[in-house]
Amino acid sequence: MKCKKNRELRWLFTISRPYLGWMMAGVLLATTVILANVALLAVSGWFITAMAISGLSAAAINYFTPAAAIRGLAILRTVGRYLERLITHEATFRLLAGLRQWFFERLEPLAPARLQNYQGGDLLSRISADIDSLENAYLRLFTPTLAALLASFLMIMFLLFWSPAIALTNLVGLLMVGLVLPWAALYLGMNSGQQIVEARAVLRQRTSETVRGLAEITLYGDPQQRMAIIQDENKALVVPQRQQNRIDASSAALTGLFSQLTWLVMIVIAIYLLQSGQLDGPELVMLAFFGMASFEAVATLPIAFRALGETWGAARRILDLVDADPAVTDPIHPCAAPQQFDIRFDSVCFAYPKNKQPALRDISFHLKQGQKLAIRGASGSGKTSLTQLLLKFWTADSGQIAIGGTGLEDLSGDTVRKLCAVVSQQVHLFNTTLAANLYLAKPNATSEELLEACRAAAILDDILALPEGFDTEVGEAATRLSGGQIRRIGIARALLKDAPIVILDEPTEGLDAGTEQQVIQALARLLQGRTAIIITHRPQLLTLVDHSLMMDEGCIVP
Ligand SMILES: Nc1ncnc2c1ncn2[C@@H]1O[C@H](COP(=O)(O)OP(=O)(O)OP(=O)(O)O)[C@@H](O)[C@H]1O
């Protein structure tokens with residue numbers, strides 16, 4: 001457990017290193033604000049008392065300098081606070097932005113194999129809520145703790161100049177509120193903080209799943225039972241939250257108690273020093289105000305340390321995900337993309353992790369460049385697994401897959417996937433314009449290339465018939481586009497990519513005969529001159545292929 005915590009702590013420091021300059025600037029500004037505030041109160045106390053005494057005794061007093069100091073300190077406090085907020089928030093948001101990029105870079109090699117066990121809601125939680133909750137570590141913990149240390153040191157130095165007894169009393173009070181209480185809050189809040197992160201993720205995941213499956217739940221399920229599950233999960237969140245609130249309330253009360261007690265003892269000592277002639281009246285009031293204000297430096301620390309459990313839980317969830325070994329590792333010195341595009345499977349065996357039954361057993365075939373191969377077989381016979389291996393999303397347990405004579409183990413995943421275009425039964429359109437969805441395949445495509453791809457995919461007229469044409473938002477278009485049209489947009493995207501290898505996974509599944517015919521014509525254009533693997537049961541699609549393989553339980557049936 002300790003070793004695990006070290007992992008999170010080390011990581012939190014490592015990722016913040018590029019922003020240390022910003023953070024230290026934030027610390028200096030926060031320290032300035034604390035000191036300006038303490039000085040403002042102390043000088044004000046001294047000044048009011050000195051004015052009152054001089055008024056009573058009719059003595060002359062220079063009130064210009066203290067009045068100017070008070071104004072100066074008030075301005076310094078306000079401007080300092082503004083700049084401090086600006087700098088620390090800027091530093092934190094830069095850090096969170098960097099962190100999100102870091103997270104996506106680590107996530108990419110894990111997709112899709114290692115992410116399949118994470119549900120969409122859970123992944124989203126890790127990407128957004130967990131990363132955002134790290135904000136707490138820097139904004140409420142790192143900067144205030146360092147500023148509290150620096151400011152407390154300087155304040156105690158100042159008090160030592162007046163009276164070691166008063167300095168010691170203030171130091172004890174500051175240590176109680178700034179060290180003992182945060183430590184206790186951290187200790188007591190660690191478990192509940194981590195529970196909150198977990199419970200919140202479960203609840204978010206369940207809620208998003210429920211909203212997405214609302215139709216199924218109302219038709220087939222029991223909405224009341226579903227509500228009961230959500231309420232139970234909500235309770236699992238409320239219990240640790242209540243625990244954290246109790247810690248906050250207790251630490252706020254104890255902070256008040258310790259600071260008031262410290263203040264009282266400081267005043268008693270100051271009165272003694274006044275009576276023994278070591279202090280005068282204005283100095284007594286100044287020290288009393290000073291002691292009272294000094295707690296601003298440490299007052300927020302107990303709650304910040306209590307919240308560390310949540311930060312820790314979030315860091316752990318992020319690291320648990322990105323520390324997973326990718327299912328496929330790229331070679332250290334990958335070969336350049338092959339110039340030939342025949343595909344060879346040589347005694348390929350493969351089983352998914354934790355699956356006893358292999359998905360592919362001893363698969364061998366050779367597909368010459370430009371030829372088309374249909375793969376048929378019952379559901380679960382291994383057809384999709386075969387293409388997943390060809391796309392280098394998984395690695396074969398034994399045997400070899402080669403494109404143009406180069407083994408996939410010598411090619412990077414990116415290189416392999418650049419060589420392939422995929423059209424499946426579920427073409428995913430992003431919620432942006434149709435044009436942006438098409439440009440995804442070739443961001444620098446000219447508008448002529450775009451039109452040509454759409455024409456070849458027999459979707460151009462349909463797109464142009466939409467009121468906004470290529471600028472139509474997919475959100476709106478999804479209701480206007482039929483399954484066949486979406487499939488042809490997928491084909492246009494594949495045409496635009498212009499990859500030498502095409503993989504089609506049931507591309508006409510679920511279409512009526514007329515629409516299927518349109519899609520097949522578009523596919524025929526896509527397949528021209530390309531090496532292709534087509535997973536299909538449809539007799540019409542078999543007219544496009546040169547060879548056909550039948551699979552059963554992971555084997556090629558002779
Ligand atoms: N991501 C996965 N993790 C674990 N097992 C999997 C995974 N994907 C598929 N399998 C298993 O591997 C076997 C082959 O599945 P595959 O999807 O390749 O078959 P398929 O022939 O494409 O089926 P379908 O026609 O239904 O898509 C099945 O037993 C399936 O349960």
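The ligand is surrounded by Gln-116, Tyr-352, Asn-355, Ala-359, Gly-377, Ser-379, Gly-380, Ser-381, Gly-382, Lys-383, Thr-384 and Ser-385, where a residue is near a molecule if its C-beta atom, placed from the backbone, lies within 6 Å of it. The model is predicted: local features need pLDDT of at least 70 and side-chain atom pairs count only at pLDDT 80 or more, while totals for chains, interfaces and linings use all residues. Residues are numbered from 1 along each chain as its sequence is written.

Two residues of this shell are nonpolar, nine are polar and one is charged; Ala, Val, Leu, Ile, Met, Phe, Trp, Tyr, Cys and Pro count as nonpolar, Asp, Glu, Lys and Arg as charged, and the others, Gly among them, as polar. The largest contribution, three residues, comes from helix H12 (residues 383-390). Helices (H or I, at least four residues) and strands (E, at least two) are DSSP runs, numbered from the N terminus.

H12 lies across strands S1 (343-350), S2 and S4, at about 115° to S1. Contact means C-beta atoms, placed from the backbone, within 7 Å; axes are lines fitted to C-alpha atoms, for helices over the stretch in contact, with angles from 0 to 180 degrees between N-to-C directions.

An open antiparallel sheet has the strand order S2-S1-S4-S5, pairing being defined as at least two DSSP bridges between two strands. S2 (360-367) and S5 (406-407) are at the edges with a single partner strand each, so one side of each has no neighbour in the sheet. S4 (residues 398-403) and S5 pair over two bridges, and Ala-402 has Gly-407 in S5 as its bridge partner.

Definitions and conventions:
Two residues are in contact if their C-beta atoms, placed from the backbone, lie within 7 Å.
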